[in-house]
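Biologist: Got a minute to go through some helix packing with me? Pull the model up first.

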Amino acid sequence: MKRMKRNGVDWKEQLTQERRHIERGPSLRNHRQIDALLPNVRPKESRKEPLDRFLLALHTCLNSIPFKSPQHPLEAARALLQDPLEGKLKGKQKSDKGKAKATSVPITVPYPLPAPTEDANWKVSFKAPTDIVLAGSWANKVSVKAKDGEPWTVDIAVEMPEDLFQEKDYMSGRFFHKRAFYLATIAKHITDSKGGLNVDAFYESRNGDPRLTTLVLRPRRDGSPTDFSKLNAHVRIIPFLPPSSPIPISRLSPHRSNFRVHEASGSDEGLSENLPTPLYNTILLLSTTPKSHLLSVHALKQDIPAYGDALALLRIWANQRGYGRGTRMCVRGFEGAGAWWGSLLEMLVLGEEPVGLLKPKNKPLGKGLSSYQLFKAALDFLSRHDFVSQPVFVKSASGHRFPSDEYAAHHAATFVDCTSTVNLLAGIPETSLEMLRHDARNTLENLNGSSVSDDPFPDVFLKEHRDLPTRFDAVIRVDLASSKMRKSSVHDTLEHGSPANALFASISSYLRRALGTRIRALAILHPSSQPRPISQAQPSTPSTIYVGLIYDSANAFRLVDHGPAAADAETRAAEDFRELWGEDKAELRRFKDGSIVESVVWNVKDADERAQVPVMVVRHVLARHFAIGADAVQSWQPAYDGLLKLPQEISSVYLAAGRPAGFKSALTAFDDLVKAIKALDDQLPLAVLNVSPVSEYLRYTSVFAPVAFTQSTASVLPPCARYMPVMNTIIEFEKSARWPDDLRAIQKMKLAFFERLATALMGSVKGLTARVVVGDRIGGSQIVDQAQLEIITPLGWVFSMRIWHDREATLLDRIIEERAHLPKALQKPEEPGHAKEREDALEARAVYIRRFIHSPRHHRAIAALSHRFPAFAGTVRLVKRWLASHWLLRSHVTEEAVEIICANVFLGSRAVQEGARERETVPGSRERGFACVVELLRDWQWTDGMSVPLYGEKEVGSEASSAVIVTAGTKGVWTLSTEFDRAGHMWTAEGPDIVAAHRIRVLAKATCSVLQGMESGSLDVKSLFVHPVDDYDFVVRFNPAVLPRYFQNITADSNVWSRKGKFANPMSDETEALRPGFDPAQLFLDDLKRTYADTIKLFYDPFGGDRFGAVWDPSLKQSRPFRVLNHFSSIPVEKENEKAKDRGMVVLNEPSVLDEMVRLGSGLILRT
């Protein structure tokens, strides 16, 4: 059979390739993963049978509750509090040994505010329910497993008889009082012996609102046929209104006022009886919806095949991000909002109801989408839609019940369900909706930006996203014990159901107004409501909340907030501005452009304080409007800042001496030096083409900011604080044919150039010192670049300069490739020394490529990221500090590798096109950036490598061309691939090895665990940087008094540099020569690494560490035959009954190695 061809194209082959691409692609893979995920988040059918039997018994029990005649609400409550069975059960307990003991528990009636009074002219009573319905997600089989081991919820909706209510029961909470008594009567019957149910009863109030109180039944583990404890579920009883109730629905529209309350103040504004009560009305309307929502979801499941799975995916996604129940921090407002998630999908599929003459912006998607497509459509809608400015009305068969403009006028956000009865977003803070939109954007970025090789599924559905340190740029813990609202209102308290809810709503509103464009999102977080004993009428309220901020980096750190102009000083806007900030904070100011406006200025001393301006705003608002003092507001930013600063005693010396310090000062000194060098062209053999910085001090990523250091400064500092940082640079001269073609001669020529340059510089710049430095290693080859020029400026800045000559690469390649192009049969025997020359050339070329090609390019990329992302440089500094404090930086992980890993957090794995919007997941603070990097190190499977678009080059070719190339044969196991280093081992060739890589993962896991202490307020930031030493075979301590960098130690003891300290030495003579970059501990450890490379593995903190740890090579502890050049110190094995074949066996001589270390480190090592 001939294949079909059209225009020369084999269509059958093309279709086959497309099918294979789809099978390998993310779409089909996601569907397979979804099919594997969903059974694990749904209840097991095998455990439902006891629950079904219990529900039948509960149905019988509810129908058997006797009638209670009408009585005053307070009398009815007092009757339930009494224990009528006391004394009657004592004689029966002996005869009921085989039965569950019936106990009578005092029952409180959870009357919400305003509580009934003695002069109430209405009564409460009880009649058996007219209908009992299995409602909610359990009935429709769309339940999803909750977080933190929370039980499944089985909703039982009980319809209260209509003759229990009167037409005016919508006023002043009367309906909720009757509902509360109805619920308390059910609780009384179930807990009494007459109930016959072996369960414990609790009250639960969703979002802490007493008006939403339900009765929760939890099984006792007795092994009875109705014991459903293995299911880990509880039953929730929800009373609801019948459709024929006498309460008129028209009285519950958003603009209606259903309170008659007078404020205590004597002002004319005290009367608040006419203020609308939209939230109160909505909660009352919710009591009419259980059955209608049940039928609506059932119909959707029948009409839309993918509805159930799509709703499960959406709920899983929401739960992973705190939009639901949980014992950890949850976003306020979404507890019990299950109906909203279902209505959201319904709106997307069926469409919206038109508002006035305006057509809906979102067209119906239809019923044929898959669950994954419907889930993604929901995220797309959430990421784009603003519920505040664009109300949503789900398509309804009967149209609008209330005018749409009423919702816009009286609700912050609007999403009306398909019954056109309830605004499902009522009571959800605007800040929580902004947080939801932010999370939806994050997820869409992940889904849309993933390639065939990436798998976003774990991050979207499996990863825990509630961790505060990695989620928010700033986390603020607020103790509400002493809070008091500046402008409290009885109306607001009744509208929100409780003083606590009114407080939370006010805090959210004020903070959103004050922060404005500084933030992308704000969230009020606290654990969800938990069941309480039925003897407790009112729900417990959180005494502590968390405020999470996500910065807009472009505006977050501005120092001035502008208000209305002076000409509008008498307007409402000006009054609101002064009321928000206070008369002592808001003031009229004139600016350079001549404008005079109301302004708020935030005074800061340095860049660290400026990064805390958003937190300052929060502190000010909480103090002004809620009387929450500074001691009740906790943030962790200052603790992180202290890790990157010098001790106060040392920094005060620099300040007193007036020494320039900081990254900008260092860059200014570099620019001045470049200008001075370029001005010497007439005194040099060749003109200077370029001078490039390659130092972390000149790209904002060094742990400590650079400080100028002079002889006078050294004279007043102790020896343990005299380290002089050196900033590396590369100088490039114009091309010339006068350079020799011999590599050794080139190195000599570099020395001559430096000698001429040093003489010229010292002659042109007064006070400048320049000296030529030869060699930076022991036993180095003569063809490896070793010459450098050390320059000390008059202000005390130290630069080290190397010459880049591109001809070196050509000459090195000639030596390396001299025999590579010849067949092996034609190659002549190598001359003596040729192999050594080629080995030296390979080493020299590796140094050349790293030092002169990649290092300047890397520096430019990292410097650009430091300017592009305000938090990037601080993140790198914290991560370097963390790795150094755990004895891994430099000895196992290079600074460049750290910078690339941090760049991955900010850039992702795919390059962002120029002009495109920055990723939503980019950290806005260095604290969050640090937590994200540590989390990455914890989860990263480094066997797969990491690809980072560091240089912003456009990716060319297919997906395969951008894949990470994991190569073997290097000591380091990390693969950090960039556009110009596909192999990914430029900065990881020497480490970390597999031992260090595993240790980094373990330390990252422990650090993430400690960071969780933020949720309890117990996090000690400094403890993250204290290194455990239990895993080392031995630890050696240095004398801190002779370590020039000891003052940078994370746990530095001030007694060491104090004149009264036990390590104190007299100050050295002022004439002692300055030694830039001198670090004896590092030099000593470098010697040990060369000497004992095959014996031990060393770990050390380069920032003033006064200890180092080591582990023996475990293979050397096993006996082996003695050989010459064994590469380790050995000792014969001594055995009592030694056989002839065991003679000549040796093992590692550990005491000898330790003694040699002590001898080599004489003067450095303390004998303990």
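Modeller: Here come a few questions and answers on two helix pairs.

Modeller: Quick housekeeping: this is a predicted model, where local features need pLDDT of at least 70, side-chain atom pairs count only at pLDDT 80 or more, and totals for chains, interfaces and linings use all residues. Residues are numbered from 1 along each chain as its sequence is written, and side-chain values use heavy atoms, with hydrogens and water left out.

Biologist: How is helix 6 oriented relative to helix 7: roughly parallel or oblique?

Modeller: Helices here are DSSP runs (H or I, at least four residues), numbered from the N terminus. The axes of helix 6 (residues 174-191) and helix 7 (residues 278-286) come within 11 Å and cross at roughly 40°. Under 35 degrees would count as roughly parallel, over 145 as roughly antiparallel, 65 to 115 as roughly perpendicular, and the rest as oblique. So helix 6 is, relative to helix 7, oblique.

Biologist: Which residues of helix 7 make the contact with helix 6?

Modeller: Contact means heavy atoms within 4.5 Å. Helix 6 brings R174, F175 and F176, and helix 7 answers with Y280, I283 and L284.

Biologist: How are helix 25 and helix 26 arranged, antiparallel or parallel?

Modeller: Helix 25 (residues 743-764) packs on helix 26 (residues 807-816) at about 155°, axes 10 Å apart. Therefore the pair is roughly antiparallel.

Biologist: And which residues of helix 26 are in that contact?

Modeller: From helix 25 come L743, I746, Q747 and K750. Their partners on helix 26 are E808, L811, L812 and I815.

Technical notes
Axes are lines fitted to C-alpha atoms, for helices over the stretch in contact, and angles run from 0 to 180 degrees between N-to-C directions. Helices (H or I, at least four residues) and strands (E, at least two) are DSSP runs, numbered from the N terminus.
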